[in-house]
Amino acid sequence: MQKYVAEFIGTFALVFFGCATVIFMRAEVGLLGVAFAFGLTVVAMAYSIGHISGAHLNPAVSLGMLVAGRMSPRDFSGYIVAQFVGGIAAAAVLYLIAEGKVGGYDVAANGFGQNGWGQYGVLSAFVFEASATFLFLTVILGATQNGAASAYAGLVIGLTLVAIHLAGIAVSGSSVNPARSFGPALFAGSDALSQVWLYFVAPCLGAALSGYVFKAGVTRQMVATA
């Protein structure tokens with residue numbers, strides 16, 4: 001149970017700090033600030049709860065770990081529930097905060113930190129999310145394997161998420177995380193919910209492929225002999 005509580009807290013923190021920056025501070029900090037809000041939260045959670053649950057904070061990460069043989073199906077189920085509940089809870093708290101804005105907060109006009117595509121089409125968004133998640137899991141699996149410099153794993157993983165956001169915010173909103181996408185979409189309205197399927201399918205596809213490649217020994221050997 002401790003692991004599942006840790007995943008709830010970690011995913012709550014990721015959605016809370018990351019999406020709060022998008023909702024309340026994007027004009028002030030820009031895309032660079034948004035990218036670092038997500039990445040630095042992962043760093044913080046990696047070093048604070050990583051020793052308890054591994055700080056997945058992301059159903060796609062847990063799926064990659066499952067396929068790679070790094071977690072049990074039972075833990076996978078518990079992690080998934082905790083992560084989605086954490087993401088939804090964080091979005092609910094942010095909605096409560098937004099509703100307190102003087103003059104009101106117009107979700108339709110301002111958005112709610114949801115992911116989506118517009119400037120680029122659905123294929124572009126899908127390819128980016130799948131590719132970025134594949135690379136993200138490759139970093140995670142490599143940085144946390146036996147023999148890796150584990151003391152730096154949290155920093156490396158967090159900075160990788162920063163890079164993913166810098167590369168893809170304009171393309172897909174840069175999610176690589178179904179729980180991060182689903183929570184805000186529940187409060188953003190029907191348009192966001194109609195697009196959320198992509199942020200389930202593409203990241204999970206990329207994560208599963210990365211887990212398979214790692215289990216097959218391709219990236220594991222590559223990192224271990226570097």
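A pocket, as the word is used here, is an open set of grid points with protein on both sides within 12 Å along at least five of seven lines, and its lining residues have an atom within 4 Å of a point. The model on screen is predicted.

Select first Arg26, Gln114, Asn115, Gly116 and Trp117, which among the 29 lining residues of the largest pocket lie nearest its centre. The space in this pocket comes to about 600 Å³. Colour next the elements that give two or more residues to its lining, namely α1, α4 (107–110), α6, α7 (178–188) and α8 (190–195); the largest share, six residues, comes from α1. Coloured by class, the lining shows 15 nonpolar, eleven polar and three charged residues.

Now select α1 (residues 2–53) together with α6 (residues 153–172), whose axes lie 8 Å apart and which pack at an angle of about 150°. Because angles over 145 degrees count as roughly antiparallel, α1 is described as roughly antiparallel to α6. The crossing of α1 past α6 is right-handed, and the residues of their contact comprise 19 nonpolar, four polar and one charged.

Move then to Gly54, Ala55, His56, Ile140 and Ile157, the residues nearest the centre of the second largest pocket, which has a lining of 35 residues and a volume of about 500 Å³. At least two lining residues are supplied by each of α1, α2 (59–67), α3 (73–99), α5 (122–143) and α6, with α1 giving the largest share, nine residues. Selecting this lining by class gives 18 nonpolar, 13 polar and four charged residues.

Note on methods: Residues are numbered from 1 along each chain as its sequence is written. This is a predicted model: local features need pLDDT of at least 70, side-chain atom pairs count only at pLDDT 80 or more; totals for chains, interfaces and linings use all residues. Side-chain values use heavy atoms; hydrogens and water are left out. Axes are lines fitted to C-alpha atoms, for helices over the stretch in contact, and angles run from 0 to 180 degrees between N-to-C directions. Helices (H or I, at least four residues) and strands (E, at least two) are DSSP runs, numbered from the N terminus. Angles under 35 degrees count as roughly parallel, over 145 as roughly antiparallel, 65 to 115 as roughly perpendicular and the rest as oblique. A crossing is left-handed if the near helix is turned anticlockwise from the far one by less than a right angle, and right-handed if clockwise. Ala, Val, Leu, Ile, Met, Phe, Trp, Tyr, Cys and Pro count as nonpolar, Asp, Glu, Lys and Arg as charged, and the others, Gly among them, as polar. On a 1 Å grid over the protein atoms alone, a cavity is a set of points where a 1.4 Å probe fits but cannot get out, and a pocket is an open set with protein on both sides within 12 Å along at least five of seven lines; lining residues have an atom within 4 Å of a point. Grid points are joined across faces, edges and corners, and a volume is the space filled by probe spheres set on the points.
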